[in-house]
Amino acid sequence: MSTDDDTRFMRLALALGRRGQGTTAPNPSVGCVVVSEGRIVGRGWTQPGGRPHAETVALAQAGQAAKGATVYVSLEPCSHQGKTPPCAEALIAAGVARVVVATKDSDPRVSGAGLAILEGAAITVDTGVCAEDALRDHAGFFLRTEQGRPFVTLKLASSFDGRIATGTGESKWITGGDARRAVHAMRARHDAVMVGGGTARHDDPALTVRGFGDVPQPARVVVSRRLDLPLMGTLARTAKEVPLLLCHGRDADPMLQRTWRDLGAVLLPCAAHGAQLDPHDVLQNLGTHGLTRVFCEGGSALAASFIEADLVDELVGFTAGVTIGAEGLPNIGALGLGALGEAARFDLKSVSRIGGDICHIWTRAQTA
């Protein structure tokens, strides 16, 4: 089979894996394609909750046609016995002839072991096809495995001059309906949606995915050192319906902690960093809770703290053709920069028009 064919089928496996993003944590969302004599006989991706795995789904669809086939999978097949049997063993049992893997797994329980099992069974193994795309798709899983924290996407919707509200606090709506729908689609591909306490108090947000029918909801995360959030607000009323994680200071009022726990929230005590919670500790707590991909929607103080700590992996900006002026609220708070060289740099990934607004996506700059 040609290199072009390998690339084509691996791109399909990657696209399938993206369908599960936001629903499989703490497991990665993997895609798998089974090909026999140039024809696709099985397809699958990791199912909600992280199981069954992509290979299991694809092999079940292929049935007997998997014997002698080539399998394309976006991440090294697992080799350990967890809540499901090892995928490497399932591929051997199915009698496949060749396995093409986009990238190795960094999980120490797997890392190379899955490939070794396949090679030990005389199955041809090739790696590195579409590796860059796979590393990006699985970045959250790798970050949690290697650093204990989730991948962070910071989304900011602002005016042309970088304001998220007028001087009086009015913010609905700066961007249009098409942009807001796009944001809901982005939320659905993350394990959690995160905001700061100020946003929760001012906007009374639901932080749910709406407009796409009955879909799995990401967890809601609020970062509030004092835990002084509205007890009669939307988040409080829905804490038992959609997971609500509250990152708070260890010195937060014990009565408030007890009240929020009784309302159904999960409390995550975090270390403080000056007047704010330490963003590193916030992410470590979220990683321990199993989250791999977090969609941060501000506000400005929370955005500044994560940028200052160099914890933003991707920036998503929605910019509207409206100007508010210097009296408006900036989309990012003070960073205390003394020189331009100290500013965080990001590489432009894409620019697109969504309705009457512009969406621009930036990724963490690659260092030489």
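Me: Why do D133 and R136 count as a salt bridge?

Reply: Their closest N and O atoms are 2.7 Å apart. A salt bridge is a side-chain nitrogen of Lys or Arg within 4 Å of a carboxyl oxygen of Asp or Glu, so 2.7 Å passes. Bear in mind that this is a predicted model: local features need pLDDT of at least 70, side-chain atom pairs count only at pLDDT 80 or more, and totals for chains, interfaces and linings use all residues. Residues are numbered from 1 along each chain as its sequence is written, and side-chain values use heavy atoms, leaving out hydrogens and water.

Me: What separates D133 and R136 along helix α5?

Reply: About one helical turn, because the two are three residues apart in α5, residues 131-137. The helix label comes from DSSP (helices are runs of H or I with at least four residues, strands are runs of E with at least two, and both are numbered from the N terminus).

Me: Are D133 and R136 buried or exposed?

Reply: Neither, really. Buried means under 20% relative accessible area, exposed means over 50%, and partly exposed is in between (1.4 Å probe, protein chains only). D133 has 23% and R136 has 37%, so both land in the partly exposed range.

Me: What makes D281 and R250 a salt bridge?

Reply: It's the distance between their side chains again: 3.5 Å, N to O. D281 sits in helix α11 (residues 279-288) and R250 in the loop between β10 (244-249) and α10 (254-263), so the pair ties together parts that are 31 residues apart in sequence.

Me: Why is D281 called buried, and which class does R250 get?

Reply: D281 comes in at 19%, and since the limit for buried is under 20%, it makes the cut. R250 has 58% and counts as exposed.

Me: How do you know which parts the R364 and D313 pair ties together?

Reply: Look at where each one sits. R364 is in strand β18 (residues 357-364), while D313 is in the loop between α12 (300-308) and β15 (314-319), so the link spans 51 residues in sequence. Their closest N and O atoms are 3.2 Å apart, which gives a salt bridge. R364 is partly exposed at 24%, whereas D313 is buried at 8%.

Me: Which residues belong to the salt-bridge network with R364 and D313?

Reply: R149 and D310 join them, so to speak, in one network of salt bridges. The structure holds 15 salt bridges in total.

Me: What does D105 touch, and why is it called buried?

Reply: D105 has just 7% relative accessible area, so it falls in the buried class. You'll find D105 in the loop between β4 and α4 (113-120). Leaving aside neighbours within four places in sequence, D105 is in contact (heavy atoms within 4.5 Å) with L75, E76, V110, S111, F141 and F142.

Me: Why is W173 called exposed?

Reply: W173 reaches 55%, so it gets past the limit for exposed. It lies in the loop between β7 (163-165) and α7 (177-188).

Me: How do you know that β6 and β14 are paired?

Reply: Pairing takes at least two DSSP bridges between two strands. Strand β6 (residues 151-158) has four bridges to β14, and the two run parallel. One example is F151, whose partner in β14 is R293. Strand β8 (residues 192-196) has three bridges to β14, also parallel, so β8 passes too.

Me: What covers strand β14, and on which faces?

Reply: Both faces of β14 (residues 293-296) are covered. R293 and F295 on one side, and V294 and C296 on the other, are all buried.

Me: Why are β2 and β5 said to stand at the edges?

Reply: The open sheet has five strands in the order β2-β1-β3-β4-β5, with mixed pairing. β2 (39-45) and β5 (124-127) each have a single partner strand, so one side of each lacks a neighbour in the sheet.

Me: What makes L348 fit for a nonpolar patch?

Reply: Patch residues need over 30% relative accessible area and no salt bridge; like charges are joined within 9 Å, and nonpolar side chains (Val, Leu, Ile, Met, Phe, Trp, Tyr) within 5 Å. L348 is partly exposed at 48%, so its area clears that bar. L348 is in strand β17 (residues 346-354). Together with V351 and I358, L348 offers about 280 Å² of accessible area (Shrake-Rupley method, 1.4 Å probe, and for residues only the protein chains shown count as cover).
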